[in-house]
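Reader: I would like a close look at one part of this predicted model, the helix that contributes to the lining of the cavity, together with what surrounds it. Please take it step by step, and say how far the model can be trusted there.

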Amino acid sequence: MVRKARCSQNVYHLTLLFLLLFKLIGLATFSISKRRAAEKKPWGDELLVTGSKVEMFYNLLFSCSIMASTYITIPTLYTDEYPYKGTISTTIDISEGILGSFVMFSVSLYYCMYQLALIKIGNRLIQAEATLRRLQRPTNRKHIFCVLLVCSFMIVLCISVWVTEYLSYYNGPPTWVTTIFPNTFVGLLFIQYFSVLTLTGAFFANLNSIIQDLDGNWSDVARLDLLYQTRRLFGSSMIRLLLQTREIHCNLCDISSQISQFYSLPTLICVFFSFCTLLNMSYYLLDLIIIGDALKYIIYVNISLWIIYILYPIGLLTSKITEVVNEVEKTGRIVHLLLNRTIDREVKNELERFSLQLLHQRVKFTANGFFTLDNTFLQSMLGTTTTYLVVLIQFRQGTAATNDQPCNCTQW
């Protein structure tokens, strides 16, 4: 028991440490605190998500400083020198720098404007975890460690990109502010979205395990052919548990809808920025490969790390969304399987109500309604990047051929 309490304390402190990281970059206008003994609920709802005016003021100051810094950082993108710098790459770099500043500015303000929505989501997730714990289905600690491991790897990637960037081009802090920092901001936003969905998916998985246990228990009762009165008593307890699971499922679907709505607009903005950065890095890498010049290997390592740095959080997010949606759909299959095996009429009626509820509650995560965020989105994003790369390479070759044509004008 002492070891378990110590493990919980370590997880709590690590969570606060990574929460501090989100606060520093303007992605957390809330705090997580422990309730006092008089405020704790009987089933152990210990944590509480609260807002802070100081953190909102910090976000406002942070967003304004980002926009003010563009007057210093954007000109450096025009003056910076790197191998085979051209008109197209310079234009893309400057556009990407302006877009990155706008993304950080807008998302930071968004977190200030919708602070209450984020606080409500956090507290409802805590309440859902406490309800499942009361039903002997606590959240496995491995999900929390998985989130911490993902965040740690993101930080390692950021450090690797920064070191190779300096060794490749010897640029300074103004360039890092317009290149590395916006992509780190966007990546951590996706990681935060991934973390929230990890907990939500774990809750749906625990709920499905409760319903599966009902399937096993009821099948045993039917197979033993017990007396009608015994089966009746068991059916009453099963109905109460079904009512609880139906209420929890409805609550989780509502929370999922709120999560999708909150992250919808920031995700749309950040996905567009990530696409532009991915296109820029892929074009530069392909350009170097086509030229075939012997450059320092660290440049190729840097560009490869950049592409991984961009795709890593997006891939995590889309795979987690696909996993959560599959877990939600699994609930319907389990309920229908239980419905086919049930012989008690009252239990069957309750399962039919549950089935009808599942038909009217669809969990879907979109980017402001423009496209659905799942594994198919990542595939289409890579396909679109490839298409634009072909267009840019053809445009570059056409421009080079025009410049190389000899002049046929007559000299007077």
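Author: What follows starts with the chain as a whole, moves to helix 6 and its partners, and ends with some loop residues.

The model is a predicted one, with a mean pLDDT of 80 for the chain and 81% of the residues at 70 or more. Over residues 218-234, however, the pLDDT is below 50, although this stretch has 18 contacts in the model beyond near neighbours in sequence. Residues 404-412 also stay under 50 in pLDDT, and for them the model has zero contacts beyond four places in sequence. Where pLDDT is low, the predicted coordinates should not be read in detail. Helix 6 is assigned to residues 173-224 and helix 7 to residues 228-291, while the stretch with pLDDT below 50 covers residues 218-234, and the account of helix 6 below therefore rests on residues outside that stretch, such as Tyr-193, which lies in helix 6.

As for the overall layout, the chain has 10 helices and two strands, and along the sequence they follow the pattern α-β-β-α-α-α-α-α-α-α-α-α. Of the 412 residues, 48% count as buried. Among the contacts with a separation of 6 or more, 81% are made by residues 24 or more positions apart, and the aromatic pairs of helix 6 give examples of links between parts of the chain that are distant in sequence.

The count of aromatic pairs in the model comes to 14. One of them joins Phe-62 and Phe-181 in an edge-to-face arrangement, with 6.1 Å from centre to centre and 75° between the planes. Phe-62 belongs to helix 2 (residues 53-79) and Phe-181 to helix 6, so that this pair links distant parts of the chain, 119 residues apart. The two rings differ in their surroundings, because Phe-62 is buried at a relative accessible area of 10%, whereas Phe-181 is partly exposed at 26%. Elsewhere on helix 6, Tyr-193 pairs with Tyr-263 in a stacked arrangement, with centres 4.4 Å apart and 10° between the planes. Since Tyr-193 lies in helix 6 and Tyr-263 in helix 7, this pair ties together parts that are 70 residues apart in sequence. Both of its members are buried, Tyr-193 at 1% relative accessibility and Tyr-263 at 2%. These two tyrosines also belong to one aromatic cluster, which is formed by Tyr-110, Tyr-111, Tyr-114, Tyr-193, Phe-262 and Tyr-263.

The cavity comes next. A search of the whole structure finds one cavity of 30 Å³ or more, and about 50 Å³ of space lies in the largest cavity. Its lining consists of Asn-183, Val-186, Gly-187, Ser-274, Tyr-309, Ile-310 and Pro-313. Helix 6 and helix 8 (297-341) each supply at least two residues of this lining. By character, the lining residues divide into four nonpolar, three polar and no charged.

Further along helix 6 lies Asn-208, which is buried, with a relative accessible area of 1%. Leaving aside neighbours within four places in sequence, Asn-208 is in contact with Glu-327, Lys-330, Thr-331 and Ile-334. Helix 8 spans 297-341, and these four partners of Asn-208 fall within that span. Helix 6 and helix 8 thus come together in the cavity lining and again around Asn-208.

Some residues in loops complete the picture. Arg-362, in the loop between helix 9 (345-360) and helix 10 (375-404), is exposed, with 65% relative accessibility. Arg-362 and Val-328 are 34 residues apart in sequence, and their C-alpha atoms are 8.5 Å apart in space. The loop between helix 9 and helix 10 also holds Asn-368, which is partly exposed, with a relative accessible area of 39%. Phi of Asn-368 is near 60°, a positive value in a residue other than glycine. Most residues other than glycine have a negative phi. Gln-136 likewise has a positive phi, of about 65°, although it is not a glycine. Gln-136 is placed in the loop between helix 4 (115-134) and helix 5 (141-169), where it is exposed, with a relative accessible area of 61%.

Note on methods
Residues are numbered from 1 along each chain as its sequence is written. This is a predicted model: local features need pLDDT of at least 70, side-chain atom pairs count only at pLDDT 80 or more; totals for chains, interfaces and linings use all residues. Side-chain values use heavy atoms; hydrogens and water are left out. On a 1 Å grid over the protein atoms alone, a cavity is a set of points where a 1.4 Å probe fits but cannot get out, and a pocket is an open set with protein on both sides within 12 Å along at least five of seven lines; lining residues have an atom within 4 Å of a point. Grid points are joined across faces, edges and corners, and a volume is the space filled by probe spheres set on the points. Helices (H or I, at least four residues) and strands (E, at least two) are DSSP runs, numbered from the N terminus. Ala, Val, Leu, Ile, Met, Phe, Trp, Tyr, Cys and Pro count as nonpolar, Asp, Glu, Lys and Arg as charged, and the others, Gly among them, as polar. pLDDT is the predictor's confidence in each residue, from 0 to 100. Contact means heavy atoms within 4.5 Å. Rings of Phe, Tyr and Trp (its six-membered ring) pair if their centres lie within 6.5 Å; planes under 30 degrees apart count as stacked, over 60 as edge-to-face and the rest as tilted. Buried means under 20% relative accessible area, exposed over 50%, partly exposed in between (1.4 Å probe, protein chains only).
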